[in-house]
Amino acid sequence: MWFSGNAVVQRGKRYDVRRIGKRVSWKSPVASYGPALQVDPWTFAYAATRASVVETTVSPCGRLAGAALSTAALVYLTARSSPRGGLDSLNLSSDFALLKDFVGTSLKGTIGAAIAYIEMQNLGYAWAGHWEECVASPPVGAHPDFVFATTEDVCLLDAKGSATDLSSVERLAKSEWSRQILPNASASLAFGGHPTEGRIVASSMSYGTDVQLVAAHGKFKSSTSPAATSPTLVNQPAASESVRSIQIANFVEVCDLLGQLELSHQLRNLKREIAAAGTFLYINGGTATIDSGDRVILSNLPSTIINIDGSAWSMRLFCRHQVLNAALRVIASIDSDGAIPKTTRIVAADSLSTAEGPRIKSRSPLSVIVQGLDGVGALFLRVNESEQ
């Protein structure tokens, strides 16, 4: 059980697309393609909650179930001393083999999705959205799990968690890029534009060995920008149609996370409904201050209780008030034709400008704060032992 201490996930091989034709050809893999990815139980719990998909659509029930899965995943992970020295390496617990097959499959997917989420944030990608919320049409056939974006690119992402040997996971990453990513390269995004690249992030969790990442990545023909180098989301010039589209889809998800279902419904229907300025200026979720006195909006959904560091903690999701304000500005800027003006400038997170997220921003004996690059995070509050 992994309930305390930092650990690392080794970055194994990354395969980059050489050419897209009748068949996808690959460049020689880049081994150890980056420094080990550092993880901790707090960040993992938040990432698993954010990335978990238990329903075909996003709903409060699915959110709460996803948070519960994050606790179950921590139970079946362990951190063990690495022969390389330094931080312990993340591993599957030996008790994982005792799980019913359908439970094990679910937890491997949860673990893979959480690690992929942390990996993408660390690479400078933000605005995570579930595929179903980001595209214009209902999913048909094989498709990725998520959509991420920088200020320049929109990246399709599929996360994998597999307990097979490393070589099998390497083959899986490449084949799934061809099967799930490439056919959706021209997908129409919900609010305009198309993706520019795609990535598979697979976690190899073979029993008795350290968890390793295998990545497969390729740019689509429509992409002309370089790989992401800066995750800064503050005061950027007006982004491309595709990036704006994904940020609006992210606003939809943020409202779902907060339990603000009426607002998320309005955002989903921007092209069909004209919202009057100021209609949604009151958000019924309560506010709190988080580091540096920044105001945040707390989720209406019930807190999840998670055991970390020998204590019980309540986990409650939040977003910075600037994020919700940006969403409200989008609604207020819709023109009479229901289209988003090309000059609309959308900004989100105010101070999250380093490629380290999601990460712990502050910690005290009574609280821990984890924040992602899109201004959304989790507030962990220690539960008074007398209340348990």
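# Charged pairs, helix contacts and selected residues

At 40% relative accessibility, Asp309 counts as partly exposed. The model in which this residue is seen is a predicted one, and Asp309 is found there in the loop between strand 14 (304-308) and strand 15. The phi angle of Asp309 is near 55 degrees, which is a positive value in a residue other than glycine. Another residue of this kind is Ser32, whose phi is near 45 degrees, again positive although the residue is not glycine. Ser32 has its place in the loop between strand 3 (30-31) and strand 4 (37-39), and with a relative accessible area of 57% it is exposed.

Strand 15, which borders the loop of Asp309, spans residues 311-320 and includes Ser314. Is Ser314 buried or exposed? At 14% relative accessibility, Ser314 counts as buried, because the cut-off for a buried residue is a relative accessible area under 20%. Leaving aside residues up to four places away in sequence, Ser314 touches Ser303, Thr304, Ile305, Leu379, Phe380, Leu381 and Val383.

## Salt bridges

Side chains of opposite charge can pair when their charged atoms come close. In this structure there are 11 salt bridges, and three of them are set out in the table, each with the distance between nitrogen and oxygen.

| Salt bridge | N to O distance |
|---|---|
| Glu119 and Arg11 | 2.8 Å |
| Asp153 and Lys219 | 2.7 Å |
| Arg179 and Glu176 | 2.8 Å |

The pair formed by the side chains of Glu119 and Arg11 can be followed in the sequence as well as in space. Glu119 lies in helix 3 (residues 101-122) while Arg11 lies in strand 1 (residues 7-20), so this salt bridge ties together parts that are 108 residues apart in sequence. Both partners are counted as buried, Glu119 at 1% relative accessibility and Arg11 at 7%.

In the salt bridge between Asp153 and Lys219, the closest N and O atoms are 2.7 Å apart. Asp153 sits in the loop between strand 8 (146-149) and strand 9 (154-162), and Lys219 belongs to strand 11 (residues 212-219), so the pair ties together parts that are 66 residues apart in sequence. Asp153 is buried, with a relative accessible area of 1%, whereas Lys219 is partly exposed, with a relative accessible area of 26%.

Where do Arg179 and Glu176 lie? Both of these residues are in helix 5 (residues 166-181), where they are 3 residues apart, which is about one turn of the helix. Arg179 is partly exposed at a relative accessible area of 44%, while Glu176 is buried at 9%. Through salt bridges that share partners, Arg179 and Glu176 are joined with Asp158 and Lys160 into one network.

## Cysteines

A disulfide is a covalent bond between the sulfur atoms of two cysteines. With a disulfide taken as a pair of cysteine sulfur atoms within 2.5 Å, the count for this model comes to 0. Among the cysteines, Cys134 is buried with a relative accessible area of 1%, and Cys155 is likewise buried with a relative accessible area of 0%.

## Helix pairs

Two pairs of helices can be described by the way their axes cross. The axes of helix 6 (residues 241-258) and helix 7 (residues 261-268) come within 8 Å and cross at roughly 165 degrees. That angle makes helix 6 roughly antiparallel to helix 7, because angles over 145 degrees are placed in this class. The crossing of helix 6 past helix 7 is left-handed. On the side of helix 6 the residues that meet the other helix are Phe251, Val252, Cys255 and Asp256, and on the side of helix 7 they are Leu261, Leu263, Ser264, Leu267 and Arg268.

Helix 3, which also holds Glu119, takes part in the second pair. How do helix 1 and helix 3 lie to each other? The axes of helix 1 (residues 41-51) and helix 3 come within 8 Å and cross at roughly 105 degrees, and the two helices are therefore roughly perpendicular to each other. Helix 1 makes the contact through Thr43, Phe44, Tyr46, Ala47, Ala48, Arg50 and Ala51, and helix 3 through Thr110, Ile111, Ala113, Ala114, Ile115, Tyr117 and Ile118.

Notes. Residues are numbered from 1 along each chain as its sequence is written. This is a predicted model: local features need pLDDT of at least 70, side-chain atom pairs count only at pLDDT 80 or more; totals for chains, interfaces and linings use all residues. Side-chain values use heavy atoms; hydrogens and water are left out. A salt bridge is a side-chain nitrogen of Lys or Arg within 4 Å of a carboxyl oxygen of Asp or Glu. Helices (H or I, at least four residues) and strands (E, at least two) are DSSP runs, numbered from the N terminus. Buried means under 20% relative accessible area, exposed over 50%, partly exposed in between (1.4 Å probe, protein chains only). Axes are lines fitted to C-alpha atoms, for helices over the stretch in contact, and angles run from 0 to 180 degrees between N-to-C directions. Angles under 35 degrees count as roughly parallel, over 145 as roughly antiparallel, 65 to 115 as roughly perpendicular and the rest as oblique. A crossing is left-handed if the near helix is turned anticlockwise from the far one by less than a right angle, and right-handed if clockwise. Contact means heavy atoms within 4.5 Å.
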